[in-house]
Amino acid sequence: MSPSSPRPIALQHTGGIYLPDLDLWLDPPRPVGRAFVSHAHSDHFARHEFTLCSPVTHAIIDKRYGAITAGASLAPAYGEAVFERGHELRLLPAGHILGSAMLHVTRQEDGATLLYTGDYKLRHGRTAEPAELRPAHTLIMETTFGLPMYVFPPQEQVLSDIIQWARETLEDQGIPVLLGYSLGKAQEVLSAFHGAGLPVMLHPSIVKMTAACAPFFPDFPPYEKFDPATATGHVLIMPPSAARSQAIRKLRVCRTAMLSGWALTPGAKYRYQVDEVFPLSDHADYPELLKTVEEVQPRQVYTVHGYTSEFARDLRERGWEAWSLVSEDQLELTLPGTAASTDAESSPATLEDAGEEITAPPDSFAAWVQTCERVAADGSRLKKRAHLAGYLKQQTGGNLPRAVRWFSAQLEDPVLQLPPLQTGWSVIRRALLELSGLREAEYRVISRSQADTGRTARLVLDRALAAGRLFPSSHAPAAEIASLFDRLRSAHGPVEKTTALKDGLAKLPPLEGSYVVRLLTGELRVGTREGLVEEAIATAFEEQPDQVREAAMLCGDLGRAADLAARHELDSAQPELFIPVKVMLASPEETASDIWNRLTTRDEADEQRPAPAHPTVWLEDKFDGIRAQLHRSAGRVEIYSRDLKRITEQFPEITTAAGELKDEVMLDGEIVAYAEDRKLSFFDLQKRLGRRDQGDLFISSSITVRYVVFDLIWQNGAGLLHEPLEERREKLEKLALPPLLKRIAVAEAASETEVEAAFHAARRNGNEGLIAKDRHSSYSPGRRGKSWLKLKKAFSTLDVVVVKAEQGHGKRSHVLSDYTFAVRDEHSGALKVIGKAYSGLSDGEIEELTEHFTEHTLSQRGSVRTVTPNIVLEIAFDSIQASQRHDSGLALRFPRIKAIRRDKGVDEIDTLTYARKLAGK
């Protein structure tokens with residue numbers, strides 16, 4: 001800087017971009033005192049005490065979200081000077097969407113200048129004001145597409161291609177569905193249909209946004225609101241979140257096209273799982289980014305959003321002073337599976353060659369990964385099964401059981417009970433950071449925007465590859481990946497584990513590395529559920545799925561069952577001591593009448609069984625404890641949890657007591673906590689799990705545990721799974737049980753009234769409810785059939801109001817499906833959080849609430865939106881416990897959504913006093 005050069009305008013970056021001399025934040029996504037809002041996309045807007053924005057942005061936000069600020073606002077025309085705290089401020093058109101603005105700041109004292117572009121583009125669009133650049137000493141610019149590969153065709157050419165594709169689809173009797181964000185791309189592509197003679201339907205959210213834009217851009221063609229019943233013959237314009245909606249899935253003749261700048265990424269069509277992609281973008285491409293710097297002629301450049309480090313490095317190589325300035329509160333990239341109605345471009349998420357033939361060697365990790373990608377990309381269960389079966393058929397030796405376990409997101413044979421890898425997210429994050437060179441803030445931006453471990457790892461490893469930090473070998477054998485897991489298991493401490501993981505990932509392509517991370521976290525999320533893998537094994541080796549399933553249950557491992565299937569030896573599978581089998585499950589029923597009718601009414605399969613003259617139902621109390629399987633031999637006792645994990649050390653008193661048994665047995669039962677002969681809850685008992693010390697694991701020595709036995713499934717070398725329940729019970733009655741092991745009491749009910757009475761008695765005794773069993777039933781490991789039924793009515797319900805909505809995961813990553821809710825403190829009037837639920841609603845209801853909460857977002861931090869409290873839910877739960885997790889001081893156990901209470905307003909929700917009363921406080 002020369003002596004005559006003014007000092008730069010002060011700039012801070014702590015949780016956002018802040019100009020301290022002006023006390024002004026730039027596009028903060030959360031409420032602040034004073035903010036510049038560059039445009040009306042929801043992730044750039046919050047209710048601030050003072051807002052500076054363009055008149056059009058002000059009007060759109062005001063119409064769509066209500067009052068724009070909590071206080072004052074200022075909306076000068078483009079180019080109009082505004083004087084604030086010794087600075088001259090001017091808004092310049094940004095070309096991003098209608099009403100978008102850049103901010104140009106001049107310090108009056110010495111003429112120092114700063115230009116903040118916000119999201120922008122220099123290409124002229126139909127619905128956005130042409131961008132205007134001005135020279136500035138400091139340039140803060142968005143660089144979403146900051147790589148040389150991103151060079152967009154002319155906008156008019158892209159729009160022409162879209163119209164041609166839509167016309168051809170209609171001529172083929174199909175329904176063209178264009179996927180673009182509700183504000184910006186939707187209006188841009190809608191305007192292109194003016195004069196095209198093609199009828200258009202808009203998603204309801206796009207109708208609302210278009211109506212808000214219409215006063216400022218009246219040249220939209222006629223359109224209708226989307227109606228599935230009359231959609232045939234229309235072009236549909238929908239937000240990306242609607243691509244997986246039930247309404248679209250039911251339109252069998254749809255062809256879908258994504259509108260995104262990421263269309264230039266190889267394989268984008270497969271990644272988005274659409275029929276076509278068009279590079280229609282509201283952001284500047286790489287040549288425009290370079291042109292911006294040339295026109296502004298800044299002394300220093302700061303990059304935000306997207307490929308910040310890469311573009312800053314390119315600028316430095318061209319002689320500019322440029323550095324990445326990434327805000328952890330801004331979205332850097334957003335995949336199509338994230339929550340709707342933000343303006344960030346959608347980034348691809350799956351394999352670019354999905355759907356192509358697998359060319360990697362069968363024993364390579366690449367072949368396994370490509371199979372996962374093909375399964376994820378295909379919506380048909382039959383095709384998914386075929387992909388898996390075709391791959392499994394090619395595996396030999398130890399490759400087969402290992403591959404099967406990995407498809408089930410298991411790293412090792414569960415029967416071996418190897419120590420865990422202890423490679424959690426802190427180790428994974430550090431390895432990815434060291435490998436990619438990203439800063440912690442940059443990593444958090446990517447992680448929060450994806451809400452998916454695999455996608456996060458893929459994006460970070462892509463950066464590492466672009467930076468020359470990866471040296472992938474060709475088609476590493478799957479055995480090498482297994483060896484990597486072994487090294488991680490044997491490594492001591494986080495530093496050694498981080499080094500081992502970093503070295504392993506450095507040898508893999510980004511996609512394969514991302515699947516290593518998925519396996520480490522147990523979050524595969526490609527649709528390879530265990531039932532599908534069982535069917536694929538049966539298909540590959542011409543066996544029956546039920547036989548594969550039973551063998552897996554008996555072996556305790558689907559990988560071993562696959563090996564038996566390949567050798568056609570499924571019949572040899574037998575239960576073995578210290579190989580835990582999956583526990584038999586009970587199906588829920590709503591009422592005592594349902595229980596009675598189900599277990600006393602014979603179906604066709606029971607015709608050979610004589611009907612009893614006086615039918616009764618076998619009843620057992622359902623305890624509020626930990627389901628556990630106990631195995632005992634002459635010199636060994638082990639306890640396993642319902643998910644087949646070894647938990648022996650957590651319950652030494654039960655282990656010691658079981659050693660006194662005379663028989664070798666496998667028992668099924670429940671571990672229950674007691675204090676002074678009073679049963680305690682699961683909340684008390686769960687403190688035992690995961691504790692490493694071997695002494696008295698409860699804080700109070702007065703708290704003890706007992707093992708309540710309700711089934712005998714193996715005895716002295718003989719499996720009892722196929723014997724009727726009443727015969728297994730007879731054998732159990734003859735066992736001499738030591739102290740701390742108790743047989744569960746069995747009751748007989750002769751009517752539904754007696755079933756109901758038994759249920760209430762169980763609840764009075766502090767138990768969860770009842771288990772009703774067919775006395776003739778065999779023990780079916782892992783199955784939830786109709787031979788065992790549970791009556792477990794909700795403790796009560798609460799009417800609550802949703803205060804936060806969070807992006808879901810896996811299949812629900814494109815919607816807001818996790819809801820934090822509150823009751824009202826009647827003394828202060830404040831809303832007090834009492835829990836969070838994500839189950840109970842249909843897909844259609846979740847999509848409806850996603851649209852509602854998107855429109856009523858007050859602020860957003862990562863994937864969590866604070867929303868206007870105006871949706872009332874009825875929440876069922878099992879119990880209420882004191883908890884410091886929420887500001888209500890309470891927490892619900894097993895909350896689930898019973899209904900959306902459309903008939904109730906927020907003033908009618910339940911009170912904190914009532915919730916405390918239910919909790920017995």
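This section describes selected strands, helices and loops of a predicted model.

A parallel sheet and the helices that pack on it are considered first. The sheet is open and contains six strands, arranged in the order E14-E13-E15-E12-E16-E17, with parallel pairing. Its edges are formed by strand E14 (224–225) and strand E17 (276–278), each of which pairs on one side only. Helix H2 packs on this sheet and touches strand E12 (175–179), strand E15 (235–238), E16 and E17. The direction of H2 makes an angle of about 150° with that of E12. At one edge, strand E16 (residues 254–259) pairs with E17 in the parallel sense, and three bridges connect the two. Within this pairing, Leu259 has Phe278 of E17 as its bridge partner. Helix H4 (residues 204–213) lies across strand E13 (200–202), E14 and E15, and runs at about 95° to E13.

The loop that precedes helix H2 contains Thr144; this loop extends between strand E11 (138–143) and helix H2 (155–171). The relative accessible area of Thr144 is 5%, and the residue is therefore classed as buried, since the cut-off for this class is under 20%. The side chain of Thr144 makes a polar contact with the side chain of Glu142, at 2.7 Å.

An antiparallel pairing is found elsewhere in the chain. Strand E38 (residues 879–882) runs antiparallel to E39, and four bridges join the two strands. One of the residue pairs is formed by Gln881 and its bridge partner in E39, Ala891. In a regular strand, side chains alternate between the two faces of the sheet. In strand E39 (residues 890–893), Leu890 and Leu892 point one way, whereas Ala891 and Arg893 point the other way. All four of these residues are buried.

Two loop residues are notable for their backbone angles. Most residues other than glycine have a negative phi. Ala409, by contrast, has a positive phi, near 60°. Ala409 is placed in the loop between helix H11 (399–407) and helix H12 (425–436). Its relative accessibility is 24%, so Ala409 counts as partly exposed. Phe578 likewise has a positive phi, with a value near 70°. Phe578 is placed in the loop between helix H20 (558–566) and strand E20 (585–589). With a relative accessibility of 12%, Phe578 counts as buried, because this value falls under the 20% cut-off.

Terms used: Residues are numbered from 1 along each chain as its sequence is written. This is a predicted model: local features need pLDDT of at least 70, side-chain atom pairs count only at pLDDT 80 or more; totals for chains, interfaces and linings use all residues. Side-chain values use heavy atoms; hydrogens and water are left out. Buried means under 20% relative accessible area, exposed over 50%, partly exposed in between (1.4 Å probe, protein chains only). Two strands pair if DSSP finds at least two bridges between them. A polar contact is a pair of N or O atoms within 3.5 Å; within protein, one must be able to donate a hydrogen and the other to accept it, and residues adjacent in sequence count only if both atoms are side-chain atoms. Contact means heavy atoms within 4.5 Å. Axes are lines fitted to C-alpha atoms, for helices over the stretch in contact, and angles run from 0 to 180 degrees between N-to-C directions.
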